[in-house]
Amino acid sequence: WNSPGIWVTYALLTAFMHLVLLSMPWFTTSVAWTLTNVVHGVGMYLFLHTIKGTPFETSDQGKYRYSTHWEQMDSGTQFTAARKFFMTTPIVLYILASFYSKYEFTHFVINTIILLLSLLPKLPQLHGVR
Amino acid sequence: FIYCLTTGIYMLDAWERYVFNSCLILVLSMSFYTAYAFL
Amino acid sequence: VRNHIAMAIVLLFGWLRDFLNEHVFTPEPSAHEQEDLKDFVPLYTTFERFFVRNVIERGYDVLHRPVCTVPGAVIDIRERKFSSSGKFLGLTGKVFRNVVNLGSYNYLGFAQNEGVCADAAVKAVAELGTGVCSNRFEVGNYEIHSKLERKMAEFLGVEDCMTFGMGFATNSMNIPCLVGKGCLVISDACNHASLAIGCKISGATIRVFKHNDMKDLEKILRHSIVEGHPRTYRSWKKILIIVEGIYSMEGTIVNLPEVIRLKKKYKAYVYLDEAHSIGSLGSRARGVTDYFDIDPTEIDVLMGTFTKSFGASGGYIAGRRELVEHLRLNSHSACYGVSMSPPVAQQALSSLNVIMSEEGKERITQLAANTRLFREKLRTFGFIVYGHEDSPVVPLLAYLPSHIACFSREMLARGYGVVVAGFPSTPLGESRVRFCISSALSKQQILDALEAISDIGDIMRLKISAKQIL
């Protein structure tokens, strides 16, 4: 998660996903932005905060077997560059989605729920909390 | 062959490549349509 | 970026496959722990199984090739094909004969089933049998083991040596006898898993420095000595620097003169794992100390294996007599592990005699020539090759996981067997083909192999090195 390559990939995939949603004629711009925010928020929640363990056997006698991706990042050190980056992106997406949906109430509520779903599990106070 | 290698679908089964290529063509055609419609 | 996108696509389709298997087709038995195993410690984490099932198993035909001969210069490989479900591999009955072997650790070409070594090993079977069935403390201490140890100590130029039946155990079972709580181990980032496990078992504090980066090593040494133990702030009982002679995934040769300088400056000990470099480096094939022309007695613990250059198996630890006597009494492997099988010990002994003779000089010269020719040509072609000019381990960067699968299949189709390595044994973005050069390969075989590699490199566009060497 520290490599610039994965940050660029993550930004490209998010942008590509938005373009895919935007290119569906039956979606309005605000629906496309809100969907981008929702898909991104739920996808990152599943990948960062539900999958546990490592994709391969490690020689740490199972230390990380029950830790999520987010908890294993930088071996649990808080406020690293990677953590800051992955906390900032949901906020940026939320601001963009709110702006492009012209702060319409329903979209605003949905986007805010997704923002909380993205940010709360990333808080240092909730590290290792189940 | 280079396209399969670069996107990594070289590793996938035939039906998975078919699904991936269909989605990609669908997305690209919709993008071109939307770009045309908007622009 | 292409790597991560390619991996994201494969993972995405892995989830799609699992979803379809779960809800449409027959559920995959390995996707979840069995009901009757629920109360046991889980054998694997579901993500690990998911990754093996959906990413690694797609290239199984490349990763597990059935070799039907001794891993010498040429081998026979039986062909296997995926079943229609893409899950199982079945033998097709076809055999690829005389495949040129560019993957095995056979640096000096002792993987032979005929010749001096093989005959002596057969004789040892007749005299001493194959299994020892006991450890060195009890009835497993044969004369041939002592002979091999004396010969190895003479070969290395140190006082004493002790052999073990398994290379991995030589590291993982002996490091806990050298360091313990209150000690500090400073280990290279690319050290082998056996070193990592040995350090973990020992309970010592472990610090990792960047691969072969002596500045980082010195920085960590200084900080560790100044700060002392992280909790008690006491000074360290001892500091052990663990490095390898040749790194089997990177092909780099350790910067030994620098390590020795730091060892003297900071009064630390050095543990040198020569698994790959013993027998394949140095004008007399005595490893990385011979290569840098350093007195072996300056290294506190010399470790190595008989697997790569001797055509045998097992490992040794050598050094001062006090060290070896201490290990003889306290090593876990000496009292819990079975001793080395006599024919294997005989094989190591015979190849040692050959290495110390005139023929050994020819072999090591041939290996050096093959290595330089191979590396130089690959760089000239424009491939990205890691490691030191003189290292017989030649990693060629292929980057994408799909690239290494395709490269291996294309090489086999042209009659060459190669070893490929991808995530997780290499970083995600650095999958590679790892060539191991052997002195058993003739120059013509090397040149033909280079031609095939260049051809495949053109097809797959792998010649991406920015440093085009004219």
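This is a short tour of a predicted model, with selections to make chain by chain.

**Stop 1: chain A**

Start by selecting chain A alone. Chain A holds 5 helices and 0 strands, and its elements read α-α-α-α-α from the N terminus on. Its C-alpha trace spans about 50 × 30 × 20 Å along the principal axes.

Now zoom in on Tyr103(A). This residue sits in the loop between helix 4 (81-100) and helix 5 (105-119) of chain A. Tyr103(A) is not a glycine, yet its phi is positive, at about 50 degrees.

**Stop 2: where chain A meets chain C**

Add chain C to the view. The contact involves 21 residues of chain A and 18 residues of chain C. About 1,600 Å² is buried between chain A and chain C, and carbon and sulfur atoms give 74% of that area. How many salt bridges are counted between chain A and chain C? The count is 0. The count of residue pairs in polar contact between chain A and chain C, both residues at pLDDT 80 or more, is also 0.

To see where chain A makes this contact, select helix 1 (residues 4-22) of chain A. That helix supplies 6 residues, the largest share of the side of chain A that touches chain C. Sorted by class, this side of chain A has 9 nonpolar, 8 polar and 4 charged residues.

**Stop 3: where chain C meets chain B**

Hide chain A and bring up chain B. Here 21 residues from chain C and 15 residues from chain B take part in the contact. Chain C and chain B bury about 1,600 Å² between them, with 72% of it on carbon and sulfur atoms. Which residues of chain C lose the most area to chain B? They are Phe13(C), Arg58(C) and Ser402(C), which together account for 31% of what that side buries.

Next, look for charged pairs. Side chains of opposite charge can pair when their charged atoms come close. Across the interface of chain C and chain B there are 3 salt bridges, out of a count of 32 over all chains. To view one of them, select Glu16(B) and Arg17(C), whose side chains meet in a salt bridge at 3.8 Å, N to O. Glu16(B) lies in helix 2 (residues 14-38) of chain B and Arg17(C) in helix 1 of chain C, so this pair joins two chains.

The interface of chain C and chain B also has 4 residue pairs in polar contact, both residues at pLDDT 80 or more. On the chain C side, colour helix 1 (2-23), helix 16 (401-413) and helix 17 (443-460), the elements that give two or more residues to the side touching chain B. Helix 1 of chain C gives the largest share, 8 residues. By class, this side of chain C has 13 nonpolar, 3 polar and 5 charged residues.

**Stop 4: an antiparallel sheet in chain C**

Hide chain B. Select strands 10, 13 and 12 of chain C, which form an open sheet in that order with antiparallel pairing. Strand 10 (393-399) and strand 12 (419-421) of chain C stand at the edges with a single partner strand each, so one side of each has no neighbour in the sheet. Neighbouring strands of this sheet are turned by 30 degrees against each other on average, direction ignored.

Strand 12 and strand 13 (residues 431-436) of chain C pair over 3 bridges. Within this pairing, Val420(C) stands opposite Val433(C) of strand 13. Add helix 15 (residues 358-381) of chain C, which packs on the sheet and touches strand 10 and strand 13. The direction of helix 15 makes about 20 degrees with that of strand 10.

Then move to Pro424(C), in the loop between strand 12 and strand 13 of chain C. Is the peptide bond that joins Phe423(C) and Pro424(C) cis or trans? The bond is cis, with omega about 5 degrees.

**Stop 5: a mixed sheet in chain C**

For the last stop, select strands 1, 2 and 11 of chain C. They form an open sheet in the order 1-2-11, and the pairing is mixed. Strand 1 (74-82) and strand 11 (416-417) of chain C are the edges, each with a single partner strand, so one side of each is left without a neighbour in the sheet. Strand 2 (residues 89-101) and strand 11 of chain C run parallel and are joined by 2 bridges. Finish on Asn101(C), which stands opposite Gly417(C) in strand 11 of chain C.

Note on methods
Residues are numbered from 1 along each chain as its sequence is written. Chains are lettered from A and ligands numbered from 1 in the order in which they are written. This is a predicted model: local features need pLDDT of at least 70, side-chain atom pairs count only at pLDDT 80 or more; totals for chains, interfaces and linings use all residues. Side-chain values use heavy atoms; hydrogens and water are left out. Contact means heavy atoms within 4.5 Å. Buried area is the accessible area (1.4 Å probe) that two parts lose on being put together, summed over both. A salt bridge is a side-chain nitrogen of Lys or Arg within 4 Å of a carboxyl oxygen of Asp or Glu. A polar contact is a pair of N or O atoms within 3.5 Å; within protein, one must be able to donate a hydrogen and the other to accept it, and residues adjacent in sequence count only if both atoms are side-chain atoms. Helices (H or I, at least four residues) and strands (E, at least two) are DSSP runs, numbered from the N terminus. Ala, Val, Leu, Ile, Met, Phe, Trp, Tyr, Cys and Pro count as nonpolar, Asp, Glu, Lys and Arg as charged, and the others, Gly among them, as polar. Two strands pair if DSSP finds at least two bridges between them. Axes are lines fitted to C-alpha atoms, for helices over the stretch in contact, and angles run from 0 to 180 degrees between N-to-C directions.
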